[in-house]
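Here are some short exercises for getting to know a new structure. Try each task first, then read the solution step by step.

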Amino acid sequence: MPPPVTILVMGGSVTMGINCYSPGQKVSTSRCAWAFRLESFLNQLAGFGETYQRGDDSTKLVKVINKSGGGFNSAVGETILRYEMMGPNAYDVIINAYATND
């Protein structure tokens with residue numbers, strides 16, 4: 001099986017999951033964030049629902065890497081990309097989600 005399509009999500013506190021909650025469940029901020037849930041959604045949509053395991057890349061069609069943080073803006077994102085802090089060619093798609101920080 002080929003490696004999964006890797007999506008890099010970059011953003012600020014909203015993308016990180018600040019003030020995100022799941023009614024009736026105690027969930028960490030990072031696990032509640034939309035970027036974290038995007039990977040599961042896309043893999044289930046592609047029909048990998050029964051075999052999908054978050055920690056095992058061999059069960060994924062899509063892998064999402066969330067590199068967001070409170071107060072981050074496009075200047076921080078550009079630095080991460082320019083100096084290849086994620087490694088060269090470590091992702092196939094980039095989602096820029098800085099919202100109000102720019």
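**Exercise 1. Find out which residues tyrosine 52 touches, leaving out residues up to four places away in sequence, and say whether tyrosine 52 is buried or exposed.**

Step 1: Tyrosine 52 touches Glu39, Ser40, Asn43, Thr59 and Lys60, where a contact means heavy atoms within 4.5 Å.

Step 2: Take one of these partners, glutamate 39: it sits 13 residues away along the chain, and the two C-alpha atoms are separated by 9.9 Å.

Step 3: On the chain, tyrosine 52 belongs to the loop between α3 (34-45) and β2. Helices here are DSSP runs of H or I with at least four residues, strands are runs of E with at least two, and both are numbered from the N terminus.

Step 4: With a relative accessible area of 10%, tyrosine 52 is buried, because buried means under 20%, exposed over 50% and partly exposed in between (1.4 Å probe, protein chains only).

Before going on, a word on the ground rules: this is a predicted model, so local features need pLDDT of at least 70 and side-chain atom pairs count only at pLDDT 80 or more, while totals for chains, interfaces and linings use all residues. Residues are numbered from 1 along each chain as its sequence is written, and side-chain values use heavy atoms, with hydrogens and water left out.

**Exercise 2. Sketch the protein chain as a whole: which elements does it have, and in what order do they run?**

Step 1: Count the elements, and you get four helices and three strands.

Step 2: Starting at the N terminus, they run β-α-α-α-β-α-β.

Step 3: For the dimensions, the C-alpha trace spans about 40 × 40 × 20 Å along its principal axes.

Step 4: Of the 102 residues, 31% count as buried.

Step 5: Now look at contacts with a separation of 6 or more: 65% of them come from residues 24 or more positions apart.

**Exercise 3. Place lysine 67 in the chain and list what it touches, again leaving out residues up to four places away in sequence.**

Step 1: Lysine 67 is part of strand β2, which covers residues 62-68.

Step 2: The residues it touches are Leu8, Val9, Met10, Gly11, Phe72 and Met86.

Step 3: Pick valine 9 from that list. It is 58 residues from lysine 67 in sequence, yet their C-alpha atoms are 6.0 Å apart in space.

Step 4: Lysine 67 has a relative accessible area of 38%, so it is partly exposed.

**Exercise 4. Compare the settings of asparagine 19 and glutamate 84: what are their phi angles, and where do they lie?**

Step 1: Asparagine 19 is not a glycine, but it has a positive phi of about 60 degrees. Glutamate 84, not a glycine either, has a positive phi of about 50 degrees.

Step 2: Asparagine 19 lies in the loop between α1 (13-16) and α2 (29-32), and glutamate 84 in the loop between α4 (74-82) and β3 (93-97).

Step 3: Asparagine 19 counts as exposed because its relative accessibility is 69%. Glutamate 84 has 46%, so it counts as partly exposed.

**Exercise 5. Finish near the end of the numbering: where is threonine 100 found, and how far in space is it from glycine 71?**

Step 1: Threonine 100 is found in the segment after β3.

Step 2: Its relative accessibility is 72%, so threonine 100 counts as exposed.

Step 3: Threonine 100 and glycine 71 are 29 residues apart in sequence, and 9.6 Å apart in space from C-alpha to C-alpha.
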